Amino acid sequence: MDRLDNTVRPYAWGSTTAIPTLLGTEPTGEPQAEMWMGAHPGAPSRTGRGTLAEVVDANPEKELGAASVARFGPRLPFLLKLLAAGAPLSLQVHPDLAQARAGYEDEERRGVPLDAPHRNYKDANHKPELICALTEFDGLCGFRAPADTADLLDGLGVASLKPYVDLLRAHPEDAALREVLTAILTADPEEMSRTVTETAAACDCLSGAYRPYADIAHHYPGDPGVLAAMLLNHVRLQPGEALYLGAGIPHAYLNGLGVEIMANSDNVLRCGLTPKHVDVPELLRIVRFEAGDPGILRPEASPDGEEVYDTPIDEFRLSRYVLPEGSGAHDLTLPTPQILLCTAGTVRAGEHELAPGRSVFVPAHEKAEVSGNGTLFRATVRV
C-alpha cells in the first residue's frame with residue numbers, strides 16, 4: 001500500500017484551524033478548506049511511485065481491479081476529502097448521470113471552453129456525495145415543507161416577503177417551491193438586495209430557527225441565495241452522523257469538519273451565496289422540487305466491526321472502524337481499490353503508522369491489515 005501526501009485547497013470559505021488541529025500542525029492564518037485524497041486531475045495525491053493518477057494510469061487493472069475497471073473505466077471512481085467549513089459554501093445542486101452526459105455533450109458541441117466561467121458541465125459524470133461529521137457540522141439539505149417555510153418567513157414581519165409567503169401556501173407544493181425559487185433568482189437585483197437586507201436585520205433580532213440564516217446573510221449581504229437558503233432544511237450533524245446528497249437536491253455546508261466522499265466529478269449548478277455564475281434556467285431544470293426530511297444517516301454495524309454508511313450509488317462506499325486498544329488486527333483486503341484515512345488515535349495499516357489526517361491507498365487484492373487504537377475511515381467502490 002502507498003502512503004498518500006495530499007493537497008490542501010485554500011478556498012476562501014475554509015476554516016483556518018480545523019484541518020491543522022486534526023493534523024497536529026501550526027495554522028498558517030490562511031483558510032484550509034479541503035484536503036483531497038484520490039486521483040482527481042485537479043490535485044492528485046502523491047505517492048512514492050508518482051501521483052496516484054499516474055499510478056492508476058500505468059496499470060488500471062492492477063491498481064483498481066478488473067471488476068472496477070469493467071464497471072467504471074480505468075480511473076479511481078471516487079474522491080475522498082477532509083472538508084473544513086469556516087463559512088457557508090455556495091448553495092448548489094448536482095445533475096444526475098443522464099443530465100450530466102447531455103449537458104456536457106451540448107456544451108462541447110457549442111464550443112464552450114472547459115475553463116469558461118459560465119460553463120456548467122466540466123465532465124460527463126454525476127456527483128453524488130456523502131458528508132460524515134467529525135465535529136458538530138451545520139448544513140442545509142433539501143426543501144423544507146413549504147407551509148413551514150411560509151410560517152418562518154411570515155414570522156419576520158418583512159412586508160416584501162409577503163408574495164413569497166402567499167406562494168408557499170399555494171398548492172401543489174412542488175409548483176409552489178418552483179415558483180418561489182424562480183421568483184427569488186429572477187427578481188430585480190436592487191429590490192432583492194433591499195429585501196435580503198431587511199430579512200437579515202429581522203433574523204438578527206430573533207433566535208432559534210433564524211440564527212443560521214442570519215449568519216449566512218452576514219457572509220453574503222444582499223445575495224438572493226440568502227432567501228433561497230431559507231427554503232431549505234437546516235441540519236446539525238453530531239460526530240459520526242452523515243448526509244447523503246443525491247442528484248437535484250439543493251444543499252450547502254455552513255460550518256464544521258467532516259469526511260466527504262463523492263463521485264469523481266466537478267459538475268455544480270449554483271443557486272447563490274457565491275460570486276460565480278448562476279445559470280437560472282439550467283438550475284431550475286436540474287433541481288428536484290420535493291420537500292421532505294433530509295434523512296440523517298447513522299452507520300450500520302457489521303459483526304466484524306465495520307460501520308457502513310449506506311447509500312444508493314456504487315461509485316463509492318464509505319465505512320468506519322472504531323478500533324479499541326487491544327482489539328487485534330483486522331483484515332480489510334478487498335478486490336477493489338481502497339483509501340484508508342485515520343481521523344483519531346493511531347492506526348497501523350500494513351507497514352504504515354497513521355496519525356489523524358494521514359491516509360494510504362491500497363490497490364485491489366493487496367493485503368490490508370489494520371490494528372491500533374483509533375478511528376479509521378475506509379473508502380472503496382461497489383462492484
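This briefing walks through two helices, a cavity, a pocket and three loop residues. The model is a predicted one, so treat the tour as a reading of that prediction. Keep the structure open beside you and look up each residue as it comes.

**Helix α8**

- Helix α8 covers residues 173-186, which makes 14 residues.
- At 1.5 Å a residue, α8 should span 20 Å, and its end C-alpha atoms are indeed 20 Å apart, so expectation and model agree.
- Which residues of α8 are buried? They are A176, L177, V180, L181, I184 and L185.
- Looking down the axis of α8, you would find these buried residues within an arc of 150°, which means that they line one face of the helix.
- A general rule helps here: an α-helix has 3.6 residues a turn, so residues three or four places apart point the same way.

**Helix α6**

- Helix α6 runs over residues 146-154, and its buried residues are P146, T149, A150, L152 and L153.
- Seen down the axis of α6, the buried residues fall within an arc of 160°, so they too line one face of their helix.
- What do the buried residues of α6 pack against? Their partners are α7 (162-168), α8 and α10 (211-219).

**The cavity**

- How many cavities of 30 Å³ or more are there? The count comes to 1.
- The largest cavity holds about 40 Å³ of space.
- Its lining is made up of L91, F143, L181, A228, L231, L232, P250 and C271.
- By class, this lining has 8 nonpolar residues, with no polar and no charged ones.
- You have already met one of these residues: L181 lines the cavity, and L181 is also on the list of buried residues in α8.

**The second largest pocket**

- The second largest pocket has a volume of about 210 Å³.
- It is lined by 14 residues, and the closest to its centre are D5, N6, L23, M35 and R358.
- Sorted by class, the lining of this pocket has 6 nonpolar, 5 polar and 3 charged residues.

**A355, a loop residue**

- A355 sits in the loop between β19 (352-354) and β20 (359-362).
- With 34% relative accessibility, A355 counts as partly exposed, because that class lies between the cut-offs of 20% and 50%.
- Leaving out residues up to four places away in sequence, A355 touches C342 and G345.
- The C-alpha atoms of A355 and L23 are 7.7 Å apart, although 332 residues separate the two along the chain.
- L23 may sound familiar, since it is among the residues closest to the centre of the second largest pocket.

**T274, another loop residue**

- Is T274 buried or exposed? T274 is buried, because its relative accessible area of 16% is under the 20% cut-off.
- You can find T274 in the loop between β13 (269-272) and α12 (280-286).
- Setting aside residues up to four places away in sequence, T274 touches S90, Y220 and D223.

**G292, on the other side of α12**

- G292 belongs to the loop between α12 and β14 (300-301).
- Its relative accessible area is 39%, so G292 is partly exposed.
- Not counting neighbours within four places in sequence, G292 is in contact with F143 and N233.
- G292 and N233 lie 59 residues apart in sequence, while their C-alpha atoms are 8.5 Å apart in space.
- F143, the other contact of G292, is one of the residues that line the largest cavity.

Notes: Residues numbered from 1 in each chain as written. Predicted model: local features only at pLDDT ≥ 70, side-chain atom pairs only at ≥ 80, totals over all residues. Heavy atoms only, no water. Helix = DSSP H or I, 4+ residues; strand = E, 2+ residues; numbered from the N terminus. Expected span 1.5 Å × (residues − 1). Buried < 20%, exposed > 50% of the residue type's maximum accessible area, 1.4 Å probe, protein only. Arc of directions from axis to C-beta. 1 Å grid on protein atoms, 1.4 Å probe; cavity = no way out; pocket = protein on both sides within 12 Å on 5 of 7 lines; lining within 4 Å. Points joined across faces, edges and corners; volume = space filled by probe spheres on them. Nonpolar A, V, L, I, M, F, W, Y, C, P; charged D, E, K, R; others polar. Contact = heavy atoms within 4.5 Å.
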